[in-house]
Amino acid sequence: MPIHDQSYRRYGGGKTTPGQAWTVIAWAGILNMIRKRAFLGVLIFAFLPFIIRAVQIYLSTNFPQAAMLAPTAETFREFLEQQEFFVFIVTIYVGAGLIANDRRANALQIYLSKPLMRSEYIAGKAAVLFVFLTLVTWVPAILLLLLQVLFAGSFAFLKANLFLFPAITVGALMQVLVATFTMLALSSLSKSSRYVGILYAGVIFFTGAIYGVMYAITGDSSLSWLSLSSNLSQVLDVVFRVKPRYATPWPVSLTVIVGLVVLSISVLERRVRGVEVVT
Amino acid sequence: METNLEIAPPEPQLGEAAAPIVQLEGVTVLYGRNRALNNVTARFAPGAVGLLGPNGAGKSTMLKALLGFVKPAEGRMTVLGMDVAERPMEIRSRLGYMPESDAQIPGMNAVSFVAYCGQLAGLPSVDAMQRSHEVLYYVGLGEARYRNVETYSTGMKQRIKLAQALVHDPDLLFLDEPTNGMDPKGRDEMLELIRDLALNKNVNLILSSHLLPDVEYTCNHVVVMDKAQVVAQGPIAELKGPAGRVFELRIKGDLPAFVDILRGAGMECHSTDEDVMRVFVPSTLIDQGRDQQVIFALAARQGVQVRHLRPSIPTLEDVFAKAVGED
């Protein structure tokens, strides 16, 4: 009689109901990133603008001499715009390998042979990127709003700018969702995370460059819809009740953004499969 | 250690009349214009069933269709009594799949990888980790379970694929070419594991392979595929034991002409790797007690010398050769 039976035994315990596997994928992805010191460094670096803004708010609310630093609704709009750089970095760092690495390692057939749907797999992968992008956009922006209330000791600013909470939420959500779905779609197209990173940077810079050239030739900003980041800026201006900076009607910019997300989902639907059929 | 093919394959867990665990009815799968499965109708009995066929016969496609990876253009499939088109999630929760190609979750060690697969299949995290350790020991990776899977050898990768397929305790295993790339010792150990699962652990399994000895050693039933169609199916013992006898035959003379003569007399001839061919003599000739004599007589008439004639045991190779029409 062996002291410990190391043979195969049938499992008699319970199982979770189907539909929760995406949380397993998301949690594993988040833990995997948090274990990387370099990534933690990027996250800390992404919070530097927050610290500077927090100091600005503290000074303006506690020292009358610094009243000119008092935040306005535009301050939060500017903050989200500053964070776009970190959105770009985090998107590439976290997102490039999310599906590409699984494709390289033939992991999709492992995932999809388990009781989870393709949409769950995509949701799990998207959640990883969503969490970290929210951490560098929505979380610090909302914290700044809370700090303003705390440092000022009154709700006056918040009451006067009640739209800020939904504006920050909608604005950050747009930044995050566009980056998440665009990156996931690109990541599903290749088996190389490096190539995906370059491709994403190319999409951002190339569309911006095309618009820059067109603007230089025509002197008209109505072609800003050609640039992904310009479209985001245009819509965010409207969300934050700031005068739009381009001549392109904001519904056009919004349509381009929504179209990009729909296109990305369509690419994911085609590429995330248990078997790749080449005909 | 060579696999001992004399050992009897595992007995069926249930009677022959038991409901099939997997059933396909008129299933056609198209890859573009190519028919990867062409109007396939098959029944997989409980226990260990070999899915046999040459490369490109449609074995892997059948497994992928049963998993829901590819949608058939026509036909109906049931697994464990459930319709694949209607209840894929429930089927997959009771199914383990060992893919043919290397497959792992990047950046994980073996124990994390297998536990992760268990969680994906619905096991609570603590149970998944415990099961992970257990199945890794079972498949022989206990000592290497903290190593990154990407550093594993080919044989170890095969074992970990089996471990991830087993971790959630499936009722049915799909094993796609499980001994691919393994050295002889590893292959024997893998076959022992498969045999143990089928024989002692009551796990139903479908073993897809083009290696006849692997199937013969581990399975009691077989489904033979060729050119996207099922060409034979049933218990191996039944398929191997048709009314007739098999002889090993080597001659000196005009071989093609003599083969034609034998076939004209109602016998079947299949070549082997050696210069010995296998001749199947149907029962009608045996009943007349003229099996060997007929061969000698035909040889004498054709003017060829019979250098070797020995009664042989029918093997799965005979079944396979007969089914796929090999010469």
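This report walks through the fold of chain B, its two domains, and its contact with chain A. Please keep in mind that the model is predicted.

**Chain B at a glance**

Chain B is built from twelve helices and 14 strands. Of its 327 residues, 47% count as buried. Among the contacts in chain B with a separation of 6 or more, 70% are between residues 24 or more positions apart. The domain assignment splits the chain into domain 1 (22–234) and domain 2 (241–324).

**Strands and their partners**

A good place to start is the open sheet of chain B, where four strands are arranged in the order 2-1-4-5 with antiparallel pairing. Strand 2 (34–44) and strand 5 (82–83) of chain B form the edges, each pairing on one side only. Strand 1 (residues 22–31) and strand 2 of chain B form a hairpin with two residues between the strands, and Gly32(B) has a positive phi near 65° there.

Strand 3 (residues 48–52) of chain B makes parallel pairings, with strand 8 (residues 204–209) over five bridges and with strand 9 over four bridges. The table below sets out these pairings alongside two from the open sheet.

| Strand pair (chain B) | Sense | Bridges | One partner pair |
|---|---|---|---|
| Strand 1 and strand 2 | antiparallel | seven bridges | Leu24(B) and Ala42(B) |
| Strand 4 and strand 5 | antiparallel | two bridges | Thr78(B) and Asp83(B) |
| Strand 3 and strand 8 | parallel | five bridges | Leu52(B) and Ser209(B) |
| Strand 3 and strand 9 | parallel | four bridges | Gly50(B) and Val222(B) |

Strand 3 of chain B is also worth a look for its burial: five of its five residues are buried. Ala48(B), Gly50(B) and Leu52(B) are buried on one side, while Val49(B) and Leu51(B) are buried on the other, so both faces of the strand are covered.

**The nonpolar cores**

The largest nonpolar core holds 151 residues, and the members that touch the most others are Val114(B), Ala163(B), Leu205(B), Val222(B) and Val223(B). Helix 10 (residues 164–187) of chain A gives this core its largest share, 13 residues. Within chain B, domain 1 (22–234) and domain 2 (241–324) both contribute residues, so the core lies between them.

Val222(B), met above as the residue opposite Gly50(B) in strand 9 of chain B, is a handy residue to follow through the structure. Beyond its neighbours within four places in sequence, Val222(B) is in contact with Val49(B), Gly50(B) and Leu52(B), as well as Val215(B), Gln233(B), Ile236(B), Leu239(B) and Leu316(B). Another core lies apart from the largest one; it has 14 residues, including Leu249(B), Met267(B), Ile295(B) and Ala299(B).

**Where the two domains of chain B meet**

The centres of domain 1 and domain 2 of chain B, taken over C-alpha atoms, are separated by 37 Å. Their contact takes ten residues from domain 1 of chain B and seven residues from domain 2 of chain B. On the domain 1 side, helix 7 (212–218), strand 9 (221–226) and strand 10 (229–235) of chain B each supply at least two residues. By class, this side of domain 1 has eight nonpolar, no polar and two charged residues.

**Where chain B meets chain A**

How many residues does each chain bring to the contact? Chain B provides 38 residues and chain A provides 32 residues. Five helices of chain B each supply at least two residues to its side: helix 1 (59–67), helix 2 (88–93), helix 3 (110–120), helix 4 (125–138) and helix 5 (154–166). Helix 4 of chain B gives the most, with six residues. The side of chain B that touches chain A has 21 nonpolar, nine polar and eight charged residues.

**A helix in chain A**

To finish, turn to helix 4 (residues 73–82) of chain A, where Phe76(A), Arg77(A), Phe79(A) and Leu80(A) are buried. These residues cover an arc of only 160° around the axis, which puts them on the same side of helix 4 of chain A. What do the buried residues of this helix pack against? Their partners are helix 3 (48–62), helix 8 (138–152), helix 10 and helix 12 (228–239) of chain A. Helix 10 of chain A is already familiar from the largest nonpolar core, to which it gives 13 residues.

Key:
Residues numbered from 1 in each chain as written. Chains lettered and ligands numbered in written order. Predicted model: local features only at pLDDT ≥ 70, side-chain atom pairs only at ≥ 80, totals over all residues. Core = buried A, V, L, I, M, F, W, Y, C linked by C-beta atoms within 7 Å. Buried ≥ 20, exposed ≤ 12 C-beta atoms within 10 Å, placed from the backbone. Domains from an automatic or database assignment. Nonpolar A, V, L, I, M, F, W, Y, C, P; charged D, E, K, R; others polar. Arc of directions from axis to C-beta. Pairing = 2+ DSSP bridges.
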